[in-house]
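Here is my note on the structure you asked me to look over, set out as numbered points. Please read each point with the structure open beside you.

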Amino acid sequence: MSDLGPPTGPEDSDEVLAAEYALGVLDPPERDVAERRVLTDPTFAERVDDWRARLAALLDGLAPVAAPEGVWPRIVEGLGALGNVVELRLRRSLVIWRSVSAAAASAAAVLAIVAFMPRAEKPAPVMTSEIAAANKGPVVYVAMMDPARHRVILQPVSMTSTPGRSPELWLIGADGKPVAIGVAEFGKPVELKFNKTPTGAELLAVSIEPVGGSPTGQPTGPVVATGKLQLL
Amino acid sequence: MDVVADRQQLTLALGRVAAGDQAALQQVYRQTSAKLFGICLRILGDRSEAEDALQDIYLTVWRRAGAFDAERGVSPITWLATLARNRAIDRLRASKAHLNRPIDAAAETPDAAPLADAVLESEGTYARMQGCIGELEPETARYIRAAFFDGHTYATLADAAGAPLGTMKSWIRRALMRLRSCLER
């Protein structure tokens, strides 16, 4: 059998990173970078999925063990507590969302936002982003970003409220590190200010956090949706 | 038993779970909890930790079933087993219990006979995986198992092996790429 040499190009190094991430052998900083890649790069996410499927064969060697009887009732209890989780509602709304024209609906949402934008003295590049759930899920927010004035308006499109939680908006640059922009609302548009000047190559992401936003400065809850920036 | 039909049933059940059907979750649980509990026990090595992990895993299935994409060709049991393994490893790492595990522990675990129940076998690739792992350097194969089952990372493996970090990385990277080409043969 031929022995492969060290990785030679970006494609190979992505393949190695996907394998290392799926195996779980990366140490925390690299693991975080790979995790962001999974969230923001579908090709990379597919590679990770492929590696997970390969490595799952190792799990087939383990003998099944009957689960103790008390576990299922505890799961049912847990379901009651979860109740109104956003991710689930997103999946449900996906069905409804697909029945309307996604493009038309989000265009309407963008127009709705344009009305909110304060008129600039002179035309400046304005960026928009459709922030959608993973796996080509529904658009949950539309963002209008004014880089020159460091402002972004975040308009909910199909976001369902979760009591006791806040959605938070993040800017993810090429390094894969999320920078907090601010805490948004589930049901109404908000205008947020930010310090960093986006280049347009970043992604926007929304995570579900404790009320008031992430306590750590990094996403602590599920990232429910991401979107690319584009010039309007 | 019709494996294809049973798998299809599991896929459909996950689809219903994604739509919020609790009875479907119970069906998934009945069909898969023994396999997932076996995974939790192996990784966590503690019954009560494994029970907590199992509860957490099915609550995650409830929330994330919509992310299971049967169209990509991943079998439902692969998806579930991977989710269980990853959650159990997260839990193990949070408790830092893995830091006390010798690298050899993973190698000592006897590989049980492949499951009689083919539905619960992820891709029917178990035997092939055993063959391909067997083609690696025995030491490196142990490191890979220690990472997969015991939450070891490059840093803890290098430490335990008394090897430089860069050396450990190149051993494992090369082994992973060899594993892939062997599995694809």
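1. The contact between the two chains is a good place to begin, with the reminder that this is a predicted model. Chain A contributes 50 residues to the contact, while chain B contributes 71 residues. The area buried between chain A and chain B comes to about 5,800 Å², and carbon and sulfur atoms give 65% of that area. This way of describing the contact follows a common habit, since the size of an interface is often given as the accessible area lost when the parts come together.

2. Polar and charged links also cross between the chains. Between chain A and chain B there are seven salt bridges, and the count of residue pairs in polar contact, with both residues at pLDDT 80 or more, is 14. On the side of chain A that touches chain B, the helices α1 (10-23), α2 (28-40), α3 (42-55), α4 (71-82) and α5 (86-99) of chain A each supply at least two residues. Sorted by class, that side of chain A has 30 nonpolar, four polar and 16 charged residues.

3. A:E15 deserves a careful look, as it appears in two of the salt bridges described here. Across the chains, B:R180 forms a salt bridge with A:E15, and their closest N and O atoms are 2.8 Å apart. Within chain A, A:E15 forms a salt bridge with A:R47, where the closest N and O atoms are 2.7 Å apart. This second pair links distant parts of the chain, with A:E15 in helix α1 of chain A and A:R47 in helix α3 of chain A, 32 residues apart. Both A:E15 and A:R47 are buried.

4. Which residue of chain B forms a salt bridge with A:R74? The partner is B:D52, and the closest N and O atoms of the pair are 2.6 Å apart. Because A:R74 lies in helix α4 of chain A and B:D52 lies in helix α3 (residues 47-64) of chain B, the pair joins two chains. A:R74 has a relative accessible area of 24% and is partly exposed, and B:D52, at 28% relative accessibility, also counts as partly exposed.

5. B:Q55 also lies in helix α3 of chain B, and is worth reading together with the previous point. With its neighbours within four places in sequence left aside, B:Q55 is in contact with A:V71, A:R74 and A:I75. Its relative accessible area is 18%, and B:Q55 is therefore buried, since the cut-off for that label is under 20%.

6. The structure holds 16 salt bridges over all chains, and one of them joins the side chains of A:E191 and A:R151, at 2.5 Å from N to O. A:E191 lies in strand β6 (residues 190-193) of chain A and A:R151 in strand β3 (residues 151-156) of chain A, so this pair ties together parts that are 40 residues apart in sequence. A:E191 is partly exposed at a relative accessible area of 36%, and A:R151 counts as partly exposed at 25%. Elsewhere, salt bridges that share partners join A:D14, A:R37 and A:D41 into one network.

7. The largest nonpolar core has 81 residues, and those that touch the most other members are A:L23, A:I75, B:L25, B:L54, B:Y58, B:L80 and B:I172. Helix α2 (residues 22-44) of chain B provides the largest share of this core, namely ten residues. Apart from this core lies another, of 23 residues, which includes A:M145, A:V190, A:L192 and A:L204. As for B:L80, once its neighbours within four places in sequence are left aside, its contacts are B:L10, B:L14, B:V28, B:T32, B:L36 and B:V61.

8. Is A:I131, in strand β1 (residues 127-133) of chain A, buried or exposed? At 0% relative accessibility, A:I131 counts as buried. Beyond its neighbours within four places in sequence, A:I131 is in contact with a number of residues, among them A:P138, A:Y141, A:L154, A:L169, A:L204, A:V206 and A:G227.

9. Finally, chain B has nine helices and zero strands. Of the 185 residues of chain B, 51% count as buried. Among contacts in chain B between residues at least 6 apart in sequence, 69% join residues at least 24 apart.

Key: Residues are numbered from 1 along each chain as its sequence is written. Chains are lettered from A and ligands numbered from 1 in the order in which they are written. This is a predicted model: local features need pLDDT of at least 70, side-chain atom pairs count only at pLDDT 80 or more; totals for chains, interfaces and linings use all residues. Side-chain values use heavy atoms; hydrogens and water are left out. A nonpolar core is a set of buried Ala, Val, Leu, Ile, Met, Phe, Trp, Tyr and Cys residues joined through side-chain atoms within 4.5 Å. Buried means under 20% relative accessible area, exposed over 50%, partly exposed in between (1.4 Å probe, protein chains only). Helices (H or I, at least four residues) and strands (E, at least two) are DSSP runs, numbered from the N terminus. Contact means heavy atoms within 4.5 Å. Buried area is the accessible area (1.4 Å probe) that two parts lose on being put together, summed over both. A salt bridge is a side-chain nitrogen of Lys or Arg within 4 Å of a carboxyl oxygen of Asp or Glu. A polar contact is a pair of N or O atoms within 3.5 Å; within protein, one must be able to donate a hydrogen and the other to accept it, and residues adjacent in sequence count only if both atoms are side-chain atoms. Ala, Val, Leu, Ile, Met, Phe, Trp, Tyr, Cys and Pro count as nonpolar, Asp, Glu, Lys and Arg as charged, and the others, Gly among them, as polar.
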